[in-house]
Amino acid sequence: MKIVVDENIPMAQRCFGQLAEVVAVPGRDMDPALLKDADALVVRSITKVNEALLSGSSVKFVGTATIGVDHIDQAWLAANNIAFTSAPGCNARSVVEYVVAALMELEVIRDFKLDGKSIGIVGVGNVGSRLRAVCQSLGLKVLACDPLRQAAGETGLVSSDEAWQADIVTLHVPYSMDGPHATHHLADFQRISDMVQGGVLINTSRGSVVNNMGLSRALDQRYDLSVILDVWEGEPFVNIELANQVDIATPHIAGYSYDGKVRGTWMIYQALCQHFGVEACLTEAELIDRKLNLILDTRPDQAASPSCARDIVSRIYDIREDDLGLRTSLQLSREKRAFGFDALRKHYRVRREFPTVVLRGIDYLQSVMNESEFNRLQALGLLME
């Protein structure tokens, strides 16, 4: 048996190698000739899986180690009896932590204070629901919006218009072009222009959920707005003018925590074993390299004294590195920018999720931090000793 996988999928050889021959290739280099004699295909979001790619192949199983599935033609797969699975929720925690880290960084960039602010969470699926809980723990007023869930009878949700009048609006919707709740250009020039004074817009879903040209035009008129973009229309090409206008610009890595990527691989491994009738013999915990466990000792004899939650968060995940990496890649010649964008993702550093990090010196932290800042750390789920 032959399994073709995106080379950016971690632990692929360890998981799938016990089942078959594993061929790892760049996600953008998948082609029909490579897949002609393959039995299974495992991808990430940059590979379009459709009739053009798989027609005439022997592939009987497709897995995407991602939450989003807009790059998969599920109808064609079903019509051709090809099994399909995704990894819902695998990197949801990672995206939540990206949003929190970005907002804490924005407090420094814009002298922006989170205390007392409202946040409109548009889309409360795997990511949005987790973000909702964390934001409530952080003391933010949460305005959660999800028309599909609201139509199904879920309570505690607000209208789209209400969510877009929050101080912060963050988008966590699947990408779709059709239907009554299509999300293509959900954030257009008018909607962005109508945001509250000093508003913040965050997009970590898909690039085309935000009309990038409309956003750029709005920012020409609304200097008070702050924008955090992790996804871009036309990836791997990035609109340089827009990147220069936003406060934080990153290369589609919000969900790129080590834990989230390994979790995604493991979820596809389980589904693949089930499909081919093989007993799964690996657990998610077994895939995590213990040498990568992170322990932060905050006592004064161990490190510079932290004064706020951001000081701790940036030691675990410094979002400024991702912003600098993308902006540096945009200085390359045009023909190299796309390769630079993909390289930032391919060679992404190990980034652990907050609940896996041990934070030592809690008594000392409480003595140097005010209660509000210490409560922020607790809300992020760090393991405290």
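Which residue takes a positive phi just after α5? I will come back to that in a moment, but let me say at the outset that what we have here is a predicted model, and that everything I describe is computed from it.

Starting with the whole chain, the secondary structure of the protein comes to 18 helices and 14 strands, and the C-alpha atoms fill a box of roughly 60 × 50 × 50 Å when this is taken along the principal axes. The radius of gyration is 21 Å, and this agrees with a compact globule, because a globule of 385 residues would be expected to have a value near 21 Å. Among contacts with a separation of 6 or more, 65% join residues that are 24 or more positions apart.

Turning to the surface, 55% of the 385 residues count as buried, while the accessible surface comes to about 16,700 Å², with 49% of that area belonging to carbon and sulfur atoms. As for charge, there are 38 positive and 49 negative side chains, and the centres of these two sets lie 2 Å apart.

Now to the helix I opened with. Helix α5 covers residues 92-109, and from its first C-alpha to its last it reaches 26 Å, which is close to the 26 Å expected for its 18 residues at 1.5 Å a residue. This helix is also mostly covered, in that 16 of its 18 residues are buried. Just after α5 we reach the residue I asked about, and that is Asp111, whose phi is positive at about 50 degrees.

Notes:
Residues are numbered from 1 along each chain as its sequence is written. This is a predicted model: local features need pLDDT of at least 70, side-chain atom pairs count only at pLDDT 80 or more; totals for chains, interfaces and linings use all residues. Side-chain values use heavy atoms; hydrogens and water are left out. Helices (H or I, at least four residues) and strands (E, at least two) are DSSP runs, numbered from the N terminus. The radius of gyration is taken over C-alpha atoms; the globule rule is 2.2 Å times the number of residues to the power 0.38. Buried means under 20% relative accessible area, exposed over 50%, partly exposed in between (1.4 Å probe, protein chains only). Contact means heavy atoms within 4.5 Å. Accessible areas come from the Shrake-Rupley method with a 1.4 Å probe; for residues, only the protein chains shown count as cover. Lys and Arg count as positive and Asp and Glu as negative; His and the chain ends are not counted. The place of a charge is taken as NZ of Lys, CZ of Arg, CG of Asp or CD of Glu. The expected span of a helix is 1.5 Å times one less than its number of residues.
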